Amino acid sequence: MTSPDQPTLDNLSSETRRFPPPPEIAEHANVRADAYEQADADRLGFWAEQARRLDWAQPWDDDKVLEWDPPFAKWFGGGKLNVAYNCVDRHVEAGYGDKVAIHWEGEPGDTRSITYAQLQDEVSKAANALIELGVRTGDRVMIYLPMIPEAAIAFLACARLGAPHSVVFGGFSADALRSRIDDVGAKVLITSDGGYRRGKPSALKPNADEAMEGTAIEKVLVVRRTGEEVPMRDGRDVWWHDVVDRQSTEHTPEAFDAEHPLFILYTSGTTAKPKGILHTSGGYLTQTSWTHHAVFDHKPDSDVYWCAADIGWVTGHSYIVYGPLANRATQVMYEGTPDTPHRGRFWELIEKYRVTILYTAPTTIRTFMKWGADIPAEFDLSSLRILGSVGEPINPEAWMWYHEKIGGGRCPIVDTWWQTETGAILISPLPGVTVLKPGSAQRPLPGVGADVVDDAGKPVPNGGGGYLVLTEPWPAMLRTIWGDDERYVDTYWSRFRDQGYYFAGDGAKKDEEGDIWLLGRVDDVMNVSGHRISTTEVESALVSHPTVAEAAVVGATDPTTGQGIVAFVILRGDATDGGEELVVTLRNHVAKEIGPIAKPRQIMVVAELPKTRSGKIMRRLLRDVAENRDLGDVTTLADPTVMNLIGAGLQSGKTED
Ligand code: WTA
């Protein structure tokens, strides 16, 4: 615990580079600076205005924009709408049937372009097929699919029927799938024979079969993607092409209450039982649609948008499916990995489709840094105008690399902070308004209340560090944890119960101008000789050295300082392992950048870092390594072999002091 005169989290680094909005973006921006004032003056009125972006079958009651029974919220009470109608049909009715919704690119190079009219047909057929399989409004449907168009179609077919979907990322194991099927109580599963990954078919159906043993699943709809032989169980399993393709393209969408459940998405959780995060319809679609419009400055008539996340992650839900399609976007969807068949695949796709907006994760950007800037330099990236980042704090150096090497120095970067629980982006620059600071998510979007507070829940002054909290309910907020209101209250609302704040679990600081800098999960904060140091700041200091592409730091028990900082670094493409000398250089570099207190006790050069499928570093496992413990649960690792690599590296590891 910290004492009153000690900061909750030390503020160590400072970043002075500034990037004002390019005039041509500022001039035509969808959202201007006045939006902040407007929302401050009348927050609920502001959200009600954004809800009018959607087509409502029945408007909400004027006095029920928000019903707040802390911490349980209802938005747009009395209103009715159909989410799929808003994402598809209304665009066709407005005359945009021929506009491409999705340019899909398979990893092997096969492609499909799907117009809004075709999407309407496909979604209607899939909805009719689900009805034939017994799905009714309120039933939960499990989705376990690779990045193929049928994934988006399946989401929308469920939404059309008011049957909440629960998506499990295709890379998750049978066990992970089974526990989620059981928790959500699904009777129908949509999956595929497999998908392509790293140049090879990668099977899904066998995992699904294993997961379904002993569950309540009655029907399985299977998409044929790879054509590999898969067992089909009679009476339970049917092919998508047999059942969906023969359905009628007519299906009348029914309007549901604004609070009708839309989906349940399990947070992968680095510890404990996964939480089924429940999102509902009207508020969620309002905020995902508005943020996609505001933060990416999306123009439906000219932009080509690409969110490179996986559909099994919340980013895929909010910023591949619901937000962009509600906004009539034309988007790119890519099945595979960025290095297949070569390390320029992303840039080739941007050149091919003239992508204007790219949204990806810092982990991916740092991987590209590691591979070297000469790869993107071979492609024409001049169509890009806005770049986005999500999932982790983006280190200032990775930000600069993204800005220069990908954005050609002309594209604003929106560093978007949000969570599975928040449903939509809450803290981010606005590309036509904000003077950007590399590494900062900057300020809460209009209509959002966020602050950084100390242990006692008091806002920290500018220049101080502490806990990120959300001070007001927001339309896309989670409504509860599926089947467990108590856990919902305990997990998110008990830490600052007296203030009524939502505790996000993240550390953050405010700079001298009040802009917010995310500092990583508070569970990861290190305590070195009584100083509370964020993992993010030390990692960013390491990444700011020209030899380092990526870094992860953890606090390991230390007899003298309480915790000692242990760093794992990956070198850039052109850097060679500099041995002992490099370790000394890097330690001194950190001392110079943020102070001697943050000097790592130990630095290990590694080839890979343990990450979850959504790209977050699993520091828990690195702590196990740093403290010479047996590894804990590794089942949520993207690549389970990574820990062997790190273990091997350790034996030859270099230790200082
Ligand atoms: C982290 C992803 C810093 C944060 C949408 C958060 C970020 C967690 C950022 C949620 C960002 C996400 N800067 N940290 N721009 N975006 N995070 O649920 O720790 O997969 O709490 O949602 O990712 O991860 P989730």
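These legends go with several close-up views of a predicted model.

**View 1. Who sits around the ligand?**
Start with the ligand and its neighbours: there are 17 residues around it, and those that come nearest are Trp313, Asp415, Thr416, Thr420 and Asp506. Sorted by class, this shell has seven nonpolar residues, plus five polar and five charged ones. Some parts of the fold turn up more than once here. Helix H11 (314-326), strand S20 (413-416) and strand S25 (516-521) each chip in with at least two residues of the shell.

**View 2. Polar contacts of the ligand.**
Now look for the nitrogen and oxygen atoms. In the side chain of Asp415, an N or O atom is 2.7 Å from a nitrogen atom of the ligand. Pro393 joins in through its backbone, where a polar atom is 3.4 Å from a ligand nitrogen. On the oxygen side, Gln419 has a polar side-chain atom that lies 2.9 Å from an oxygen atom of the ligand. How much of the ligand's accessible area does the protein cover? On its own the ligand has 530 Å² of accessible area, and the protein covers 93% of that.

**View 3. Where two domains meet.**
The protein chain is split into domain 1 (23-504) and domain 2 (525-650). Their centres, taken over C-alpha atoms, are 31 Å apart. At the meeting place, 22 residues of domain 1 are in contact with 23 residues of domain 2. A common way to give the size of an interface is the accessible area lost when the parts come together. Here domain 1 and domain 2 bury about 1900 Å² between them, and 53% of this is on carbon and sulfur atoms.

**View 4. Two cis peptide bonds.**
Find Pro71 in the loop between strand S1 (66-69) and strand S2 (72-75). The peptide bond that leads from Pro70 to Pro71 is cis, and its omega is near -5°. For the other example, go to the loop between strand S17 (331-334) and helix H12 (345-353), which is where Pro341 lies. The bond from Thr340 to Pro341 is cis too, with omega near -5°.

**View 5. A positive phi at Asp297.**
Which loop holds Asp297? Look between helix H10 (282-295) and strand S16 (305-307), and you'll find Asp297 there. Check the backbone angle: Asp297 is not a glycine, yet its phi is positive, at about 50°.

Note on methods. Residues numbered from 1 in each chain as written. Predicted model: local features only at pLDDT ≥ 70, side-chain atom pairs only at ≥ 80, totals over all residues. Heavy atoms only, no water. Near = heavy atom within 4 Å. Polar contact = N/O pair within 3.5 Å; in protein donor to acceptor, adjacent residues only side chain to side chain. Areas by Shrake-Rupley, 256 points an atom, 1.4 Å probe, with all protein chains shown as cover. Helix = DSSP H or I, 4+ residues; strand = E, 2+ residues; numbered from the N terminus. Nonpolar A, V, L, I, M, F, W, Y, C, P; charged D, E, K, R; others polar. Domains from an automatic or database assignment. Contact = heavy atoms within 4.5 Å. Buried area = accessible area lost by both parts, 1.4 Å probe.
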